[in-house]
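Student: Could we go through this protein together, from the overall fold down to a single residue?
Tutor: Gladly; let us look at it first.

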Amino acid sequence: MSRIAYVNGRYIRHADAGVSIDDRAFLFADGIYEVIEIFDGKLIDEAGHLARLERSARELRLTLPLAQGVLKLVLRELAARNRVTDGHVYLQVTRGAARRDHFFPKPGTPATFVAFAHRSDRAAAEAKARAGIKVISLPDIRWKRPDIKTTSLLPNVLAKQQAREAGAYEAWLVDADGYVTEGASSNAWIVDGQGALVTHPADSAILSGITRARLFQIAAAQGLALVERPFTLEEAFSAGEAFISGATTLVMPVVAIDGRTIGSGAPGPVSLGLRAAFHDYAPASG
Ligand code: PLP
């Protein structure tokens, strides 16, 4: 079965899909995106992801080319055509194709809309969560608006690759004051000495994760205290537990940071408890 993508109004074989070399995202990373989990054939926390897409579009003064109702139909059609019951759907909107010039293209230039879906291996993800992941720390060298989900991800890409080459899965980014902002592709959390969850406030220094927001609700339901405040690497080294969150990783326990063991060196009960509860709370739309 060949994979099917959606490009500017057409379903097309993934291998044949493409956009112009004049596309603003190709030339300037002038685009935004979302990644939504598909679990048991349903889209998880779709409303939150689409609300964030609208916010990203507003922040970049970009007009979304599809009404939300149509967009939702496209995402479902992609899941169906690609027979994805467990996986993700990726969607990207760019400022369109225009002769290369930093100024915005002339009004009326159609935005580019691309989406595709892919499968993920649920058993492999659960095995990874049982083992836990390793993290390295790196300076946060991103631009000052990582709260907007743009395709401008070069520092994130370099950080992820450096993590992989160091035998880790994620890089935690540390700001000029020594605080961990977030991961290169996830939000960062620790569990402090009192058992409270600690994560960076959702200000302009981090992406306000949809998974992160859902975990606030689950933490409250589980009676866990939660504090939104920056934390340092030193605090993380001595935390009882640490984990990352995101639509592709859900809650993924961290067992080592910069080669230093976190907690017992195995995924802890708080992280695993949040992970286990996630799909009981996150709204699933079919
Ligand atoms: N932070 C960054 C930099 C990310 O790239 C992501 C997800 O891709 C997240 C946080 C987590 O966001 P979400 O939970 O909405 O997937």
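## From the whole fold to one alanine

Tutor: Keep in mind that this is a predicted model. The protein exposes about 13500 Å², and carbon and sulfur atoms supply 54% of that area.

Student: Which radius of gyration does the protein have, and what would a compact globule have?
Tutor: The chain has 286 residues, and for that number a compact globule would have a radius of gyration near 19 Å. The protein agrees with this, because its own value is 19 Å.

Student: What share of the contacts with a separation of 6 or more joins residues 24 or more positions apart?
Tutor: As background, the secondary structure comes to eight helices and 17 strands. Among contacts with a separation of 6 or more, the share from residues 24 or more positions apart is 72%.

Student: How far apart are the mean positions of the positive and negative charges?
Tutor: We compare 33 positive charges with 31 negative ones. Their mean positions are separated by 6 Å.

Student: Now Ala111: is it buried or exposed?
Tutor: Ala111 sits in the loop between β5 (87–94) and β6 (112–119). Buried means under 20% relative accessible area. Ala111 has 15% relative accessibility, so it counts as buried.

Student: Which residues is Ala111 in contact with, leaving aside its neighbours within four places in sequence?
Tutor: One set of partners is Val93, Thr94, Arg95 and Gly96. The others on the list are Asn8, Leu62, Thr63 and Pro65.

Student: And what separates the C-alpha atoms of Ala111 and Ser137?
Tutor: Along the chain, Ala111 and Ser137 are 26 residues apart. In space, their C-alpha atoms are separated by 37 Å.

Note on methods
Residues numbered from 1 in each chain as written. Predicted model: local features only at pLDDT ≥ 70, side-chain atom pairs only at ≥ 80, totals over all residues. Heavy atoms only, no water. Helix = DSSP H or I, 4+ residues; strand = E, 2+ residues; numbered from the N terminus. Rg over C-alpha atoms; globule rule 2.2 N^0.38 Å. Contact = heavy atoms within 4.5 Å. Areas by Shrake-Rupley, 256 points an atom, 1.4 Å probe, with all protein chains shown as cover. Lys, Arg positive; Asp, Glu negative; His and termini not counted. Charge placed at Lys NZ, Arg CZ, Asp CG, Glu CD. Buried < 20%, exposed > 50% of the residue type's maximum accessible area, 1.4 Å probe, protein only.
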